[in-house]
Amino acid sequence: MSKVSVLIIEDTPAESEALVKVLTQNNYAIAGVATTFSDALALFYKNTVDIVIIDVFLNGSPEGITFAETINITPDIARPFVFLTSSNDRQIFERAKLTKPFSFLLKPFNELEILYAVEMAVEKFYEQSNVFLSDDQDTVLSTDSLFIKKKNALKKVLIDDIVYIEVEERYCNIITEHEKFVIMISLTKISELLEKNKFVKTHRNYIVNANKIEEIILHDNLVILKGNHKVTLSEKHKDFIKKLNILR
C-alpha cells in the first residue's frame, strides 16, 4: 500500500509550504515541489505521480499551462491536475480551460478546497477508462490501483499488493500484507475487473492473488498466503491448481 502521490508546481514558497502541510497532514505523499516548467517535467518523469497541483503562472509566465499541455499530449502519461491562480485574465483562463483541468481554484486557497479538489480529480480521472466507482463513491479502481477513501484522504493500494479479497454480504474486505480495507462492491463485480490469470477464486467468498500463495494444503482445504493468511479452498474451485507451475 502506498499513499496517493502529489506533485506541486508552485513558485511562491509560502504557497508551496502551505500545500505541503495540508497534504501531508491528510496522508498524501509529496512527489516533489517544482518552481519552473523544466523542474516540473523532470520531477514528473522521475517520480511516481498520481495527481498534480499547478500554479498557472510561474515566474510571471503561464508555464503551468504549458506543463499541462505537455503531459496531455501522451495519454499514457497523462495525470489528473488542478490549477491554482490569482489571475483574473480571461484569455489565460480560456487557454487553461482547453487543457481540461479537473478543478480551477483561486488563491488564496483553503484546506477543504484543496482536499476536495484532489479527491474529485482522482475519482473523475480514473473513472474515464477501465474503472469501477463503488456505490458509495468511496473507492476508485483503475487498471493497477485502488484509490480508497479513508477519513479525509484517498489511499492508494496497488493491485499487486493485494493478498486476497473476502466478501461479506455487499462488502468486500481487501487484505494486503499490512492493512485491511472495506469497500462496498460485490465479489462478482470486482472479480470481473481483476486479471484472471493473477487473481483466482478459491471459494465462493474468496479471491486470492496467485503470486501470494505460499502453500496449498489439499487434505485440509486450505490455501496459505504471504503473511500467514489462510483462506478456504472448496472442491468446486480446485481447478485453478492445474494452471500453476508445479514441479514433481
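Reader: Is Y171 buried, partly exposed or exposed?
Author: Happy to start there, with the reminder that this is a predicted model. Y171 lies in strand β12. Its relative accessible area is 33%, and a residue counts as buried under 20% and as exposed over 50%. That value falls in between, so Y171 is partly exposed.

Reader: Which residues is Y171 in contact with, leaving aside its neighbours within four places in sequence?
Author: One way in is through strand pairing, since Y171 stands opposite M184 in β13. S186 is 15 residues away from Y171 in sequence, yet the C-alpha atoms of the two are 6.3 Å apart in space. With the neighbours within four places set aside, the contacts of Y171 are E166, V182, I183, M184 and I185.

Reader: How many residues stand between β12 and β13 in their hairpin?
Author: Strands β12 (residues 171-176) and β13 (residues 180-184) run antiparallel and are joined by five bridges. Besides the pair of Y171 and M184, I174 stands opposite F181. Between the two strands of this hairpin there are three residues.

Reader: Where does E169 lie, and what is its relative accessible area?
Author: E169 belongs to the loop between β11 (162-168) and β12. In space it is 9.3 Å from M184, C-alpha to C-alpha, with their positions 15 residues apart in sequence. E169 is exposed, and its relative accessible area is 79%.

Reader: Which strands stand at the edges of the sheet that contains β12?
Author: The open sheet has five strands in the order β13-β12-β11-β15-β14, and their pairing is antiparallel. Each edge strand has a single partner strand, so one side of it is left without a neighbour in the sheet. From one strand to the next, the twist averages 25 degrees. The strands at the edges are β13 and β14 (199-203).

Reader: Thanks! Moving on to the helices, why do the buried residues of α2 line one face?
Author: In α2 (residues 37-46), the buried residues are A40, L41 and F44. An α-helix has 3.6 residues a turn, so residues three or four places apart point the same way. Seen down the axis of α2, the buried residues line one face because they fall within an arc of 95 degrees.

Reader: What covers the buried residues of α2?
Author: Helix α3 is one part of the cover, and F37, A40, L41 and F44 in α2 meet E63, T66, F67, T70 and I71 in α3. The residues of this contact divide into six nonpolar, two polar and one charged. The cover includes β2 (5-9), β3 (29-34), β4 (51-55) and α3 (63-73).

Reader: At roughly what angle do the axes of α2 and α3 cross?
Author: Look at the place where the two helices pass each other, which is a right-handed crossing. There the axes come within 9 Å, and they cross at roughly 35 degrees.

Reader: Which elements do the buried residues of α3 pack against?
Author: The buried residues of α3 are G64, I65, F67, A68 and I71. Seen down the helix axis, they fall within an arc of 155 degrees, so they line one face of α3. Their packing partners are β2, α2, β4, β5 (81-85) and α4 (90-98).

Reader: What is the phi of N221 in the turn between β16 and β17?
Author: Strands β16 (residues 213-217) and β17 (residues 222-225) run antiparallel, with four bridges joining them, and I216 has V223 as its bridge partner. They form a hairpin with four residues between them. N221 is partly exposed, with a relative accessible area of 26%. Although N221 is not a glycine, its phi is positive, at about 55 degrees.

Reader: Where is N228, and what is its phi?
Author: N228 sits in the loop between β17 and β18 (229-232). N228 is exposed, with a relative accessible area of 53%. N228 is not a glycine, yet it has a positive phi of about 60 degrees.

Reader: Which peptide bond is cis, with omega near -5 degrees?
Author: Try the loop between β6 (103-106) and α5 (111-127), where P108 is found. The cis bond leads into that proline, running from K107 to P108.

Conventions
Residues numbered from 1 in each chain as written. Predicted model: local features only at pLDDT ≥ 70, side-chain atom pairs only at ≥ 80, totals over all residues. Heavy atoms only, no water. Buried < 20%, exposed > 50% of the residue type's maximum accessible area, 1.4 Å probe, protein only. Arc of directions from axis to C-beta. Contact = heavy atoms within 4.5 Å. Pairing = 2+ DSSP bridges. Axes fitted to C-alpha atoms, helices over the stretch in contact; angles between N-to-C directions. Left-handed = near helix turned anticlockwise from the far one by under 90°. Nonpolar A, V, L, I, M, F, W, Y, C, P; charged D, E, K, R; others polar.
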